[in-house]
Amino acid sequence: MSKPLIAGNWKSNKTVGEAMEWLQNFKVVTTAQVMLFVPFTLLHPLKKKIEGLHLSIELGAQDVSPFDDGAYTGAVNARQIKELADWVIIGHSERRQHFGETDAMLAQKVDQAKKEGLQIIYCVQDENIPVPLGVDVIAYEPVWAIGTGKSDSPENASEVISAIKAKTHVSSVIYGGSVTPENVASFVSREAIDGVLPGGASLDPEKFANLILCSQK
Ligand code: PGA
């Protein structure tokens with residue numbers, strides 16, 4: 001694959017100071033499409049810094065409100081995110097598990113994101129999870145592989161991703177779950193797998209840069 005999509009998911013990690021330090025230490029020359037999904041508090045400072053350093057990193061949020069502007073205390077909506085980022089992750093298994101997000105709520109989030117022109121990575125845990133219309137990329141992330149150090153086999157991930165593509169007609173599908181610099185090539189070298197969604201391995205700038213380099217072999 002010539003241009004894999006490498007989407008780092010920082011989850012609930014890093015202060016502004018730590019994020020700035022990460023960027024200073026992130027050095028990579030790549031043809032991969034690199035994205036960073038960060039906490040809301042980091043979107044603005046990272047956007048400024050990425051522009052200042054002329055880095056080709058696309059920014060994304062990790063969640064979006066299912067509602068418009070208004071009386072929804074604590075929620076960050078798609079219009080607010082669009083000022084600062086082009087992408088959003090919707091339906092990560094950690095949102096489903098810890099925040100009780102349902103398929104119906106996630107469909108509302110997709111509608112909101114689309115309305116504002118945000119591009120969406122929609123996460124599914126297997127090929128049977130419903131995918132709302134209009135998502136740009138699907139991430140297949142088996143729950144048992146997330147943060148466990150036990151990744152899916154490239155063979156199985158490739159089979160599940162092919163099944164997802166056949167069912168949804170979404171042409172870009174990536175794999176997430178304990179992706180490392182050591183195993184990334186085994187995933188992106190599969191024809192069906194368009195990229196990866198590393199969590200833990202994106203937190204260290206040198207490890208993430210190495211992962212990106214290894215994805216190009
Ligand atoms: P991990 O997270 O790389 O830390 O396993 C992956 C994911 O959130 O999809």
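**Exercise 1. How many nonpolar, polar and charged residues does the lining of the largest pocket have?**

Before you start, note that this is a predicted model, where local features need pLDDT of at least 70 and side-chain atom pairs count only at pLDDT 80 or more, while totals for chains, interfaces and linings use all residues. Residues are numbered from 1 along each chain as its sequence is written, and side-chain values use heavy atoms, leaving out hydrogens and water.

Solution.
- Step 1: find the space. On a 1 Å grid over the protein atoms alone, a pocket is an open set of points where a 1.4 Å probe fits, with protein on both sides within 12 Å along at least five of seven lines; lining residues have an atom within 4 Å of a point.
- Step 2: list the lining. It holds 25 residues, and F40, Q62, D63, R95 and F99 lie nearest the centre of the pocket. Helix α4 (residues 93-99) gives the most, with four residues; helices here are DSSP runs of H or I with at least four residues, and strands are E runs of at least two, numbered from the N terminus.
- Step 3: sort by class. Ala, Val, Leu, Ile, Met, Phe, Trp, Tyr, Cys and Pro count as nonpolar, Asp, Glu, Lys and Arg as charged, and the others, Gly among them, as polar. The result is twelve nonpolar, eight polar and five charged residues.

**Exercise 2. Which residues are the closest to the centre of the second largest pocket?**

Solution.
- Step 1: this pocket has a volume of about 200 Å³, and the largest pocket about 490 Å³. A volume is the space filled by probe spheres set on the points.
- Step 2: 17 residues line the second largest pocket, and G147, S178, V179, G199 and G200 are the closest to its centre.
- Step 3: its lining divides into four nonpolar, ten polar and three charged residues.

**Exercise 3. At what angle do the axes of α1 and α2 cross?**

Solution.
- Step 1: fit the axes to C-alpha atoms over the stretch in contact, with angles from 0 to 180 degrees between N-to-C directions.
- Step 2: the axes of α1 (residues 16-25) and α2 (residues 40-52) come within 10 Å and cross at roughly 30°.
- Step 3: α1 and α2 are therefore roughly parallel (an angle under 35 degrees).
- Step 4: V16, A19, M20, L23 and Q24 of α1 meet T41, L42, P45, L46, K49 and I50 of α2, with contact meaning heavy atoms within 4.5 Å.
- Step 5: these residues divide into eight nonpolar, two polar and one charged.

How values were computed
Parallel < 35°, antiparallel > 145°, perpendicular 65-115°, else oblique.
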